[in-house]
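Please find my notes on the model below. They go from the whole chain to one helix and then to the core.

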Amino acid sequence: RKRVVVDAGGPAAVVAAMGRHTADVGLQRDGCITLRNMAAGSDACKQAVVDAGGAAAVVAAMVRHAADLLLQRAGCDALQSMAGGNDACKQAVVDARGLVAV
């Protein structure tokens with residue numbers, strides 16, 4: 001099922017929603033959780049989340065809502081899931097300033 005959602009553009013839809021509603025901490029938190037869940041699949045799923053801008057969206061949410069502990073946890077989990085892939089995924093998390101955000 002996860003692969004079907006990813007293949008249907010799920011990561012891009014989540015990243016777009018996060019970009020449109022940056023001030024909504026609940027949406028940002030849910031976006032991080034959803035991206036984490038999608039990236040927790042195969043390397044292809046991780047790559048799709050990264051390619052959709054998932055790492056940058058998560059970092060932006062973490063920076064904007066630095067005082068929200070639940071969002072910080074969800075963001076760290078999402079970045080960890082993305083970075084668990086191939087070297088390109090790891091580098092994408094680094095390039096998105098993921099190390100600075102955590």
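The numbered points take up the overall fold, helix α3 and the nonpolar core.

1. This is a predicted model, in which local features need pLDDT of at least 70 and side-chain atom pairs pLDDT 80 or more, while totals for chains, interfaces and linings use all residues. Residues are numbered from 1 along each chain as its sequence is written, and side-chain values use heavy atoms, without hydrogens and water.

2. The protein chain has 8 helices and 0 strands (DSSP runs, H or I of at least four residues for helices, E of at least two for strands, numbered from the N terminus). Its radius of gyration is 12 Å, close to the 13 Å of the globule rule for 102 residues, so the chain is as compact as a globular protein of that length (taken over C-alpha atoms; the rule is 2.2 Å times the number of residues to the power 0.38).

3. The buried residues of α3 are Gln-28, Gly-31, Cys-32, Leu-35, Met-38 and Ala-39 (buried: under 20% relative accessible area, 1.4 Å probe, protein chains only). They cover an arc of only 130° around the axis, which puts them on the same side of α3 (the arc is that of the directions from the helix axis to the C-beta atoms).

4. The largest nonpolar core has 27 residues; Met-18, Leu-35, Val-58, Leu-79 and Met-82 touch the most other members (a core is a set of buried Ala, Val, Leu, Ile, Met, Phe, Trp, Tyr and Cys residues joined through side-chain atoms within 4.5 Å). With 6 residues, α5 gives the most to this core.

5. Leu-35 touches Pro-11, Val-14, Val-15, Met-18, Val-49, Gly-54 and Val-58, leaving aside residues up to four places away in sequence (contact: heavy atoms within 4.5 Å).

Definitions and conventions:
Buried < 20%, exposed > 50% of the residue type's maximum accessible area, 1.4 Å probe, protein only.
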